[in-house]
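This report describes one protein chain and its metal site, strands and charged side chains. The sequence and structure come first.

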Amino acid sequence: MNRRESLTLMAGATAAATISSLAIRGQALAQAPAMAPAAPAGPFKLPELGYAYEALEPNIDAMTMTIHHQRHHGAFITNLNQLVGRWPELATMTPEAIVSDLSKVPEAVRGPVRNNVGGHWNHTFFWDLMTPGGAKEPPAALKTAIATAFNSPEAMMEKLNAAGLGRFGSGWAWLVVTKDKKLDVVSTPYQDTPHMDLGARPVIGVDVWEHAYYLKYQNRRGDYLKAWWNTVNWTKAAAHFTKAMA
Ligand code: MN3
């Protein structure tokens with residue numbers, strides 16, 4: 001066997017190992033729904049992703065997406081359906097109306113409503129903002145606005161990554177339209193949304209809780225943030241921008 005043949009053989013063995021490891025992961029994923037808590041009865045439902053759990057590979061791995069969606073977002077849904085028993089109006093208002101004015105929420109349930117409606121709103125926004133094979137840069141109107149505010153899309157992305165890296169513990173980093181209709185980069189703790197304390201409207205948002213990236217990136221939050229931009233649905237971001245500016 002010459003060197004070239006031996007290298008070809010090795011490449012084949014590596015490919016076979018990759019396929020068998022994918023098969024094992026596929027099996028684990030197929031079992032995941034059975035391990036997830038049963039869907040609770042109630043008005044709140046876990047929204048479907050618009051794509052498969054593995055669709056954002058290699059930027060976000062399928063196991064992270066599965067657990068993040070089914071268990072983490074699923075837990076907010078379970079909690080909200082339980083909270084309806086303590087505050088029935090919860091079921092009659094939109095999540096956006098609630099996060100936009102928490103003073104309407106009775107003090108007795110305001111803490112859990114803030115966390116769970118916030119978590120539900122944030123994750124719904126996050127899933128919807130990602131797509132496989134999206135455009136690589138913002139559409140014209142948003143691109144121009146970003147360039148005016150930050151000099152370039154790249155400079156905005158760096159600033160947002162820094163906000164995500166600088167968020168101590170758990171939270172989110174955002175590109176928002178502020179109360180006075182200016183683009184800005186902010187971060188929020190826990191499951192707070194930009195509406196709550198800032199009165200801002202999100203254009204782009206990224207989850208920097210460890211559960212969003214730890215299986216693949218471990219402590220390397222910066223690497224996750226850089227890769228995450230490959231998943232951004234710029235068409236959706238532009239629609240959020242237009243709505244927030246109206
Ligand atoms: Mn999360």
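Lys-143 is partly exposed, because its relative accessibility of 30% falls between the limits of 20% and 50%. Its salt-bridge partner is Glu-137, and the closest N and O atoms of the two are 3.1 Å apart. Glu-137 is partly exposed as well, with a relative accessible area of 43%. These values, like the others in this report, come from a predicted model.

**Overall make-up**

The protein has 246 residues, of which 42% count as buried. Its secondary structure consists of 10 helices and three strands. Read from the N terminus, the order of elements is α-α-α-α-α-α-β-β-α-β-α-α-α. Of the contacts between residues at least 6 apart in sequence, 68% join residues at least 24 apart.

**Salt bridges**

The count of salt bridges comes to seven. Three pairs are listed here with the closest N to O distance.

| Pair | N to O distance |
|---|---|
| Lys-104 and Asp-101 | 3.2 Å |
| Asp-128 and Lys-236 | 3.0 Å |
| Glu-137 and Lys-143 | 3.1 Å |

In the pair of Lys-104 and Asp-101, Lys-104 is exposed at a relative accessible area of 52%, while Asp-101 is partly exposed at 26%. The salt bridge between Asp-128 and Lys-236 connects distant parts of the chain: Asp-128 belongs to helix 4 and Lys-236 to helix 10 (residues 234-245), 108 residues apart. Both ends of this bridge are partly exposed, Asp-128 at 33% relative accessibility and Lys-236 at 32%. Salt bridges also link Arg-114, Asp-192 and Asp-197 in a network.

**The strands**

Strand 1 (residues 171-177) pairs with strand 2 (residues 183-189) in the antiparallel sense, over seven bridges. In this pairing Ala-173 is opposite Ser-187 of strand 2. The two strands form a hairpin with five residues between them. Lys-181, in the turn, has a positive phi of about 60 degrees.

Strand 1 also runs antiparallel to strand 3, with six bridges joining the two. Here Leu-175 has Ile-204 in strand 3 as its bridge partner. Strand 3 is largely enclosed by the rest of the structure, because six of its seven residues are buried.

**The manganese site**

Which residues supply the protein donors of the manganese ion? They are His-68 (NE2), His-123 (NE2), Asp-207 (OD) and His-211 (NE2), at 2.0 to 2.2 Å from the ion. Along the chain these donors follow the spacing H-x54-H-x83-D-x3-H. Two of them come from distant parts of the chain: His-123 lies in helix 4 (residues 107-129) and Asp-207 in strand 3 (residues 201-207), 84 residues apart. His-123 is buried, at 0% relative accessibility. Asp-207 is likewise buried, at 0% relative accessibility.

**Arg-167**

Arg-167 is in the loop between helix 6 (153-166) and strand 1. What surrounds this residue, beyond its neighbours within four places in sequence? Arg-167 is in contact with Trp-172, Ser-187, Thr-188, Pro-189, Val-208 and Arg-221. With Ser-187 there is a polar contact between the side chains, at 3.0 Å. Ser-187 is also the residue that stands opposite Ala-173 in the strand pairing.

Arg-167 is buried and has no salt bridge. Why does Asp-192, the nearest side chain of opposite charge, not provide one? A salt bridge needs a side-chain nitrogen within 4 Å of a carboxyl oxygen, and Asp-192 is 7.9 Å away, so the pair does not qualify. Asp-192 is instead part of the network with Arg-114 and Asp-197.

**Tyr-190**

Tyr-190 lies in the loop between strand 2 and helix 7 (194-198). Is this residue buried or exposed? Tyr-190 counts as exposed because its relative accessible area is 54%, over the limit of 50%. Leaving out residues up to four places away in sequence, Tyr-190 touches Ser-170, Gly-171, Trp-172 and Trp-209. Trp-172 is also among the contacts of Arg-167. Between Tyr-190 and Gly-119 the C-alpha to C-alpha distance is 8.5 Å, with 71 residues separating them in sequence.

Key
Residues are numbered from 1 along each chain as its sequence is written. This is a predicted model: local features need pLDDT of at least 70, side-chain atom pairs count only at pLDDT 80 or more; totals for chains, interfaces and linings use all residues. Side-chain values use heavy atoms; hydrogens and water are left out. Two strands pair if DSSP finds at least two bridges between them. Helices (H or I, at least four residues) and strands (E, at least two) are DSSP runs, numbered from the N terminus. Buried means under 20% relative accessible area, exposed over 50%, partly exposed in between (1.4 Å probe, protein chains only). Lys and Arg count as positive and Asp and Glu as negative; His and the chain ends are not counted. A polar contact is a pair of N or O atoms within 3.5 Å; within protein, one must be able to donate a hydrogen and the other to accept it, and residues adjacent in sequence count only if both atoms are side-chain atoms. Contact means heavy atoms within 4.5 Å. Donors are N, O and S atoms within 2.8 Å of the metal (3.2 Å for Na, K and Ca); water is not among the atoms, so sites may look incomplete.
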